[in-house]
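Student: Please take me through one part of this model in detail, beginning with a single residue and working outward to its surroundings. I would like each term to come with its cut-offs.

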Amino acid sequence: EQLLAKNGLMADDLLGHPRLSEILLYHVVPAELPSSALENGMTAATLNGRKVMVDMTGEGTRINTSTVTEADMGASNGVIHAVDKVLVPANVRVKAEPQPAYKPLARHDRGPEVLAMKDRFFELGGYYRTNNYDDLFKPHTVRMVKLFEEANGLPVDGIADAEMLRVLFSKDARQP
């Protein structure tokens with residue numbers, strides 16, 4: 001709840017977060033480390049490849065900035081230490097990003113949104129270009145959008161929705 005409130009998220013937002021698996025794997029160390037084996041300043045590699053640090057200088061034990069609230073709970077696959085807040089890797093942004101407001105596109109639109117979308121698709125691989133910007137709804141457009149969605153891990157529905165456009169204009173967009 002604390003992570004959600006701090007970052008302006010709802011539970012569904014976190015469950016649908018594209019990097020949720022990285023966050024979850026950051027809580028798992030592939031070794032059995034009971035509290036008796038922990039030392040101040042030690043680091044432990046997690047399953048997501050990043051390390052967490054143990055701090056025993058104050059009252060109790062901290063893992064990064066989270067306080068261990070219950071230690072040494074036995075489990076069939078190791079030992080669990082409960083912490084008071086979610087551990088988030090430094091390279092993962094959890095905060096809800098404001099989504100740009102995209103104007104719904106209509107047939108024969110020639111506005112800057114349409115031109116920008118078409119130019120960005122061309123820039124990513126040249127797999128969409130026409131001489132006439134009125135061609136937005138021709139059959140090959142749906143195919144091109146589906147290819148882009150598939151290459152970028154989006155739901156493949158052939159609709160240029162806000163999520164597809166957000167990915168299209170991000171630096172991480174992939175060519176099909």
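Tutor: Asn152 counts as buried because its relative accessibility is 14%, where buried means under 20% relative accessible area, exposed means over 50%, and partly exposed means in between (1.4 Å probe, protein chains only). The model is predicted, so local features need pLDDT of at least 70 and side-chain atom pairs count only at pLDDT 80 or more, whereas totals for chains, interfaces and linings use all residues. Residues are numbered from 1 along each chain as its sequence is written, and side-chain values use heavy atoms, with hydrogens and water left out.

Asn152 sits in the loop between helix H5 (139-151) and helix H6 (162-168); helices (H or I, at least four residues) and strands (E, at least two) are DSSP runs, numbered from the N terminus. A polar atom of the Asn152 side chain lies 2.6 Å from the backbone nitrogen of Arg174, which can be read against the definition of a polar contact: a pair of N or O atoms within 3.5 Å, where within protein one must be able to donate a hydrogen and the other to accept it, and where residues adjacent in sequence count only if both atoms are side-chain atoms. When neighbours within four places in sequence are set aside, Asn152 is in contact (heavy atoms within 4.5 Å) with Val167, Asp172, Ala173 and Arg174.

Two of these partners, Val167 and Ala173, lead on to the largest nonpolar core, whose twelve residues are Met117, Phe121, Leu124, Met144, Val145, Phe148, Leu154, Met164, Leu165, Val167, Leu168 and Ala173. Such a core is a set of buried Ala, Val, Leu, Ile, Met, Phe, Trp, Tyr and Cys residues joined through side-chain atoms within 4.5 Å. At least two residues of this core come from each of helix H4 (112-123), H5 and H6, and H6 gives the largest share, with four. For Leu168, once neighbours within four places in sequence are left aside, the contacts are Met117, Arg120, Phe121, Leu124, Phe148 and Ala173.

Another partner of Asn152, Asp172, brings us to charged side chains, and here Asp172 pairs with Lys171 in a salt bridge whose closest N and O atoms are 3.7 Å apart; a salt bridge requires a side-chain nitrogen of Lys or Arg within 4 Å of a carboxyl oxygen of Asp or Glu. Both Asp172 and Lys171 are exposed, whereas Asn152 is buried. Side chains of opposite charge can pair when their charged atoms come close.

Helix H6 itself holds Glu163 and Arg166, which are three residues apart and therefore separated by about one helical turn. Glu163 and Arg166 form a salt bridge, with 2.8 Å between the closest N and O atoms. Glu163 counts as partly exposed because its relative accessibility is 34%, and Arg166 likewise counts as partly exposed, at 31%. The structure holds three salt bridges, and one of them joins the side chains of Arg19 and Glu22 at 2.7 Å, N to O. Arg19 is partly exposed, with 26% relative accessibility, and so is Glu22, with a relative accessible area of 25%.
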